[in-house]
Amino acid sequence: MKNFRLPRCHRAGVEAVEAGTDLAFGRHTHDLFGVGLIGRGAQKSASGRGMVEAGAGDLITVNPGEVHDGAPIGEGGRAWRILYLDPAIVAEGAADIGVEGRAAMAGEFIQPAVSDRRLAQLFRDLYQAMTSSAADHEILQADQALLLLLDALLQPPG
């Protein structure tokens, strides 16, 4: 089973992917930051930040150039939505929220997986705003959601 869709994003430097599969992916990298949400099932992966397991409702992240793989946990595969962000967008957002002196400027998301309902909803809002019709209010919502999400993901867990 595999299902991949590439919704159109209204913002340059952002790519959206919706995927559902029971396939395992070998080691690979991306040139972009990735932040996604597991919608169904669970997965395990080896990342540059260690072994990771994430299930439905968990956020997943990947840094540019980070070698990682991915495989479903259990039967039925897993489904996720992910936004790939150009490093310039992440750097701009980090500067806007004042994280220059912290890990963000080292160019990395701190946690490879995050279980947080509030952040999961924030991602849903961001994904919806990024892939919607791009009305002015949706663009403002997307920018706000992106900054709030970056603020949480670019800092060590507290």
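Let's start at S47, whose contacts beyond four places in sequence are V52, E66, V67, H68 and P112. In this predicted model, S47 sits in strand β4, which covers residues 33-47. Its relative accessible area is 15%, so it counts as buried, the cut-off being under 20%. One of those neighbours does a bit extra: the side chains of S47 and E66 share a polar contact of 3.3 Å.

Stay with E66 for a moment, as its side chain also meets that of R49 in a salt bridge, 3.0 Å from N to O. E66 belongs to the loop between β6 (59-62) and β7 (68-72), while R49 is in the loop between β4 and β5 (50-55), so the bridge ties together parts that are 17 residues apart in sequence. The two partners differ in burial: E66 is buried, at 7% relative accessible area, whereas R49 is partly exposed, at 23%.

Back on strand β4 there's K44. This lysine is partly exposed, with a relative accessible area of 38%. Setting aside neighbours within four places, K44 touches V52, E53, G70, A71, P72 and I73. V52 turns up here as a contact of K44, just as it does for S47. As for P72, it is 28 residues away from K44 along the chain, yet the C-alpha atoms of the two are separated by 6.3 Å.

Now zoom out. The protein chain has three helices and nine strands, and from the N terminus they run β-β-β-β-β-β-β-β-α-β-α-α. Of its 158 residues, 44% count as buried. Take the contacts between residues at least 6 apart in sequence, and 72% of them join residues at least 24 apart.

Salt bridges give some concrete examples of such links; the count comes to five. In one of them, R11 pairs with D143, with the closest N and O atoms 2.9 Å apart. R11 lies in the loop between β1 (2-5) and β2, and D143 in helix α3 (residues 136-153), so this pair ties together parts that are 132 residues apart. D143 itself is partly exposed, at 29% relative accessibility. Another bridge joins the side chains of R81 and E18, at 3.6 Å from N to O. Here R81 comes from strand β8 (residues 78-85) and E18 from strand β2, 63 residues apart. R81 is partly exposed, at 40%, while E18 is buried, at 16%. There's a third member to add, since salt bridges with shared partners join R5, E18 and R81 into one network.

Next, helix α1, residues 87-96. Its buried residues are I89, V90, G93 and A94. They span an arc of only 135° around the axis, so they end up on the same side of α1. That fits the general geometry: an α-helix has 3.6 residues a turn, so residues three or four places apart point the same way. Both ends of α1 are worth a look. D86 caps the N-terminal end, with a side-chain oxygen 2.7 Å from the backbone nitrogen of A88. Just after the helix, G98 takes a positive phi of about 75°.

Finally, the outside. The accessible surface of the chain is about 8000 Å², and 50% of that belongs to carbon and sulfur atoms. F4, L23 and F25 make a nonpolar surface patch of about 250 Å². Within this patch, L23 comes from the loop between β2 (14-21) and β3 (25-28), and at 35% relative accessibility it counts as partly exposed.

How values were computed. Residues are numbered from 1 along each chain as its sequence is written. This is a predicted model: local features need pLDDT of at least 70, side-chain atom pairs count only at pLDDT 80 or more; totals for chains, interfaces and linings use all residues. Side-chain values use heavy atoms; hydrogens and water are left out. Helices (H or I, at least four residues) and strands (E, at least two) are DSSP runs, numbered from the N terminus. Buried means under 20% relative accessible area, exposed over 50%, partly exposed in between (1.4 Å probe, protein chains only). A polar contact is a pair of N or O atoms within 3.5 Å; within protein, one must be able to donate a hydrogen and the other to accept it, and residues adjacent in sequence count only if both atoms are side-chain atoms. Contact means heavy atoms within 4.5 Å. The arc is that of the directions from the helix axis to the C-beta atoms. Accessible areas come from the Shrake-Rupley method with a 1.4 Å probe; for residues, only the protein chains shown count as cover. Patches are made of residues with over 30% relative accessible area and no salt bridge: like charges are joined within 9 Å, nonpolar side chains (Val, Leu, Ile, Met, Phe, Trp, Tyr) within 5 Å. A salt bridge is a side-chain nitrogen of Lys or Arg within 4 Å of a carboxyl oxygen of Asp or Glu.
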